[in-house]
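Work through the exercises below with the structure open beside you, and try each task before reading its solution.

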Amino acid sequence: MNTIGHFQKTGDADMLDKLLYYFQFPFVTYALIAGALTALCSSVFGVTLVLRRFSFIGDGLSHVAFFGMAIAGVLSVSNSMLIVMPVTIICAIAVLCTGKNSKIRGDASIAMLSVGALALGYLVMNLFSVSSNLSGDVCSTLFGSASILTLSLSEVWLCVILSAAVILLFVLFYNKIFSVTFDSDFAQSTGIRTRIFNLLSAVVIAVIIVLAMNLVGSLLISALIIFPALSAMRLFKSYRAVIIFSAVFSVVCAVAGILTAVLTGTPVGSTVVAVDIAGFLICCGCGLILRRA
Amino acid sequence: MISLKCENLYVGYDGKTVAGPFDFEIGSGDYLCVVGNNGSGKTTFMKTLLGLLPPVSGRIVFGGGRTHPGVGYLPQQTSVQRDFPATAKEIVLSGCAGKMFLSRADKRKAEFNMNRTGVLSVGNKCYRELSGGQQQRVLLARALCAANDIMLLDEPVSGLDPTAAKEMYKIIKELNRDGMTIIMISHDMQSVAENASCILHVGDTIYFGGRDEYYRSFSENGGR
């Protein structure tokens with residue numbers, strides 16, 4: 001957890017020097033690239049999730065991803081993505097595609113999945129763990145701690161490719177996403193195949209969540225999804241402006257959070273979320289002033 | 001010319017029949033009002049016409065044998081929409097969103113339809129800041145962007161004040177005069193009596209007939 005500690009310079013070198021010093025290490029650049037891209041993806045789809053009343057889905061699915069991590073850890077799979085990604089995608093489809101007429105309602109099924117996966121994940125880790133530092137493992141999966149600062153080059157590339165795919169899908173289907181989010185019955189009546197659409201968005205959301213686990217850990221993922229969207233909605237009135245602002249907001253907060261964490265040695269995930277919260281409060285304030293004026 | 005024809009149609013969810021059999025046809029330019037108690041299956045019938053639900057049995061034929069009939073739809077508002085951050089124009093344009101990218105022609109169409117329903121001047125305002133009547137007219141303009149010649153409306157005036165409701169009926173009447181076939185679910189019997197050319201009563205028995213016939217049999221049977 002103390003990756004930063006080793007690099008901490010003594011003396012009172014000023015911030016810029018310290019920053020330039022850290023940029024000599026590739027892991028800082030990797031963290032910034034991966035963090036900014038993850039933040040970008042989660043914010044653009046976050047707007048859709050918040051508007052469809054699915055804010056909590058990030059939380060639910062990230063606990064599923066935690067469960068996947070636990071399984072991967074026990075099986076000592078070299079690349080945990082191979083297990084985490086499919087498990088999360090399957091659960092995302094199960095939750096998002098059950099529709100309005102299922103026996104268990106949307107919010108209840110997410111809550112059920114979320115606590116169930118968390119409990120089973122921890123149980124599996126405890127029963128079969130091969131690691132010597134169990135609580136450290138659990139803590140780093142839940143809160144991300146420094147995992148974004150330990151990314152390898154291939155992980156960064158995977159992140160870049162997945163993010164590019166997510167953004168490309170979003171741009172291509174922008175109009176359809178708007179139509180389905182605003183009114184899925186109407187969208188279907190204009191010939192948009194909403195079932196396939198929901199399936200696709202479930203997959204995309206699962207991918208984003210697995211990506212975001214590296215940045216903030218599984219307990220804090222919802223923050224990346226809801227804060228940019230809610231901040232943008234305080235200030236802007238058109239959908240396009242809300243999307244653009246939340247993307248910018250999210251990337252700025254992620255970069256600022258990572259840099260702060262690197263400089264001060266705080267945990268990355270919670271620092272990023274703290275910056276998000278500060279940004280949200282500022283937007284709330286600006287929103288109030290704008291409405292008075 | 002036939003605009004819509006239902007042949008021995010039963011509607012419902014998951015193979016369970018809610019209402020039927022529907023056996024009727026309407027011509028283009030007709031103004032059909034669908035009446036009946038809550039829970040009788042009016043909205044299910046509407047959703048089946050739109051292709052949102054498969055028919056339990058029987059079939060629906062649209063004029064000219066088209067498969068995707070270009071039916072406009074004005075649904076009841078949902079809670080999601082009331083605080084949605086989008087401009088009126090963005091919402092109207094989503095009526096053209098069956099395709100990937102919007103063309104200049106789509107934008108002209110959106111403006112034309114906003115003008116028809118009288119919301120062109122509030123095009124850049126946020127949807128949640130509009131009055132109930134304006135919101136409903138924005139949704140009507142969106143439906144017009146998707147419609148060729150049939151418009152389905154699900155209780156278009158519910159929750160509107162009397163002035164806004166009157167305005168809404170006036171616009172719908174004008175659309176009808178321009179040749180649009182109107183199919184409207186309504187609880188407002190006064191407007192049904194004023195505007196409808198034919199009436200479909202959904203309940204334990206399905207009744208279809210011209211407006212005057214309906215009222216005659218209604219008074220003879222002492223209500224259905």
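Two residues are taken to be in contact if their C-beta atoms, placed from the backbone, lie within 7 Å. The structure is a predicted model.

**Exercise 1.** Find how many residues each chain brings to the contact, and describe the side that belongs to chain B.

*Solution.* Begin with the count: the contact takes 24 residues from chain A and 24 residues from chain B. Next, look for the elements on the side of chain B that touches chain A, where β5 (71-74), α2 (79-82) and α3 (88-93) of chain B each supply at least two residues. Finally, sort the residues of that side by class, which gives 16 nonpolar, 7 polar and 1 charged.

**Exercise 2.** Divide chain B into its domains and describe how domain 1 of chain B meets domain 2 of chain B.

*Solution.* The domain assignment of chain B places 1-70 + 149-224 in domain 1 and 77-147 in domain 2. The centres of these two domains of chain B, taken over C-alpha atoms, are separated by 24 Å. Across the contact between them, 11 residues of domain 1 of chain B meet 9 residues of domain 2 of chain B. On the side of domain 1, β6 (150-154) and α6 (162-177) of chain B each supply at least two residues, and the largest share, 4 residues, comes from α6(B).

**Exercise 3.** Which element of chain B has the lowest mean pLDDT, and which the highest?

*Solution.* Start from the whole of chain B, whose mean pLDDT is 85, with 94% of its residues at 70 or more. Among its elements, helix α8 (residues 211-221) of chain B has the lowest mean pLDDT, 72, whereas α3(B) has the highest, 92.

Technical notes. Residues numbered from 1 in each chain as written. Chains lettered and ligands numbered in written order. Predicted model: local features only at pLDDT ≥ 70, side-chain atom pairs only at ≥ 80, totals over all residues. Nonpolar A, V, L, I, M, F, W, Y, C, P; charged D, E, K, R; others polar. Domains from an automatic or database assignment. pLDDT = per-residue confidence, 0-100.
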